Amino acid sequence: QVQLVESGGGLVQPGGSLRLSCRASGRIFSIYFMRWYRQTPGKQRELVAAITVGGSTNYADSVKGRFTISRDNADNRAYLSMNSLKSEDTAVYYCNAAVNSGDGDVNYWGQGTQVTVSS
């Protein structure tokens with residue numbers, strides 16, 4: 001069994017910064033993709049940023065230049081550094097990982113962490 005645990009959410013003023021962390025634990029041989037998604041009430045979950053084990057990244061247009069995804073492969077962690085936050089960034093942020101535990105990749109999700117951008 002694999003678990004993903006996010007941390008680092010909270011309340012921040014517009015223009016502020018937050019750093020989210022996600023740690024995967026359990027039976028893990030490798031993790032190819034680690035991704036961050038976000039969701040607001042009544043909307044579909046949207047991909048915010050993704051990173052491969054080799055460090056290749058991609059971002060949603062709405063966060064390019066403001067958010068940075070990174071990872072620590074040795075510790076099975078992913079991070080999302082969020083700068084110049086806007087009210088529209090308010091959402092529950094979820095970590096997602098494609099984990100190989102010896103029998104192919106399985107998709108796992110964290111429980112989510114709330115980010116609220118408000119003055």
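Contact here means heavy atoms within 4.5 Å. The tour below applies that meaning to a predicted model.

**The whole chain**

Begin with the entire protein in cartoon view. The protein holds 0 helices and 11 strands, and from the N terminus on its elements read β-β-β-β-β-β-β-β-β-β-β. Align the view with the principal axes: the C-alpha atoms fill a box of roughly 45 × 25 × 20 Å. The radius of gyration is 14 Å, which agrees with the value near 14 Å that a compact globule of 119 residues would have.

Switch next to a surface. About 6200 Å² of the protein is exposed, and carbon and sulfur atoms supply 45% of that area. Of the 119 residues, 40% count as buried. Colouring by charge brings up 12 positive and 9 negative charges, whose mean positions lie 2 Å apart. As for the contacts between residues at least 6 apart in sequence, 55% join residues at least 24 apart.

**First stop: Cys22 and Cys95**

Select Cys22 and Cys95 and show their side chains. Their sulfur atoms are 2.0 Å apart and form a disulfide; the count for the model comes to 1 disulfide. Which parts of the chain does the pair tie together? Cys22 belongs to strand E3 (residues 18-26) and Cys95 to strand E9 (residues 91-100), so the link joins parts that are 73 residues apart in sequence. Looking along the S-S bond, one finds a torsion of -75 degrees, and the link is left-handed.

Are these two cysteines buried or exposed? Cys22 has 0% relative accessibility and counts as buried. Cys95 likewise counts as buried, at 0% relative accessibility.

**Second stop: Arg23**

Move to Arg23, which is also found in strand E3. With 34% relative accessibility, Arg23 counts as partly exposed, whereas Cys22 is buried. Display the surroundings of Arg23. Beyond its neighbours within four places in sequence, Arg23 is in contact with Gln3, Leu4, Val5, Asp75, Asn76 and Arg77. Add Ala78 to the selection: its C-alpha atom is 6.6 Å from that of Arg23, although 55 residues separate the two along the chain.

**Third stop: Asn76 and Ser84**

Asn76, one of the contacts of Arg23, is the next residue to select. Asn76 sits in the loop between strand E7 (67-72) and strand E8 (77-82). Its relative accessibility of 21% makes it partly exposed; the cut-off for buried is under 20%. Inspect the backbone here, as Asn76 has a positive phi of about 55 degrees although it is not a glycine. Most residues other than glycine have a negative phi.

Where is Ser84 found? Ser84 is in the loop between E8 and E9. The phi of Ser84 is also positive, near 50 degrees, in a residue other than glycine. Ser84 has a relative accessible area of 41% and is partly exposed.

**Fourth stop: Ser7**

Return towards the N terminus and select Ser7, in strand E1 (residues 2-7). Ser7 is partly exposed, its relative accessible area being 39%. With neighbours within four places in sequence set aside, which residues are in contact with Ser7? They are Arg19, Leu20 and Ser21. Now draw a distance from Ser7 to Tyr94: the two residues are 87 apart in sequence, and their C-alpha atoms are 10.0 Å apart in space.

**Last stop: Tyr37**

Finish at Tyr37 in strand E4 (residues 30-39). Tyr37 counts as buried, at 17% relative accessibility. Leaving out its neighbours within four places in sequence, Tyr37 is in contact with Arg45, Glu46, Leu47, Val48, Val92, Tyr93, Tyr94, Asn96 and Trp109. Tyr94, used at the previous stop for the distance to Ser7, is thus met again as a contact of Tyr37.

For a final distance, select Leu18 together with Tyr37. These residues are 19 apart along the chain, and 15 Å separates their C-alpha atoms.

Methods. Residues are numbered from 1 along each chain as its sequence is written. This is a predicted model: local features need pLDDT of at least 70, side-chain atom pairs count only at pLDDT 80 or more; totals for chains, interfaces and linings use all residues. Side-chain values use heavy atoms; hydrogens and water are left out. A disulfide is a pair of cysteine sulfur atoms within 2.5 Å. Helices (H or I, at least four residues) and strands (E, at least two) are DSSP runs, numbered from the N terminus. Buried means under 20% relative accessible area, exposed over 50%, partly exposed in between (1.4 Å probe, protein chains only). The radius of gyration is taken over C-alpha atoms; the globule rule is 2.2 Å times the number of residues to the power 0.38. Accessible areas come from the Shrake-Rupley method with a 1.4 Å probe; for residues, only the protein chains shown count as cover. Lys and Arg count as positive and Asp and Glu as negative; His and the chain ends are not counted. The place of a charge is taken as NZ of Lys, CZ of Arg, CG of Asp or CD of Glu.
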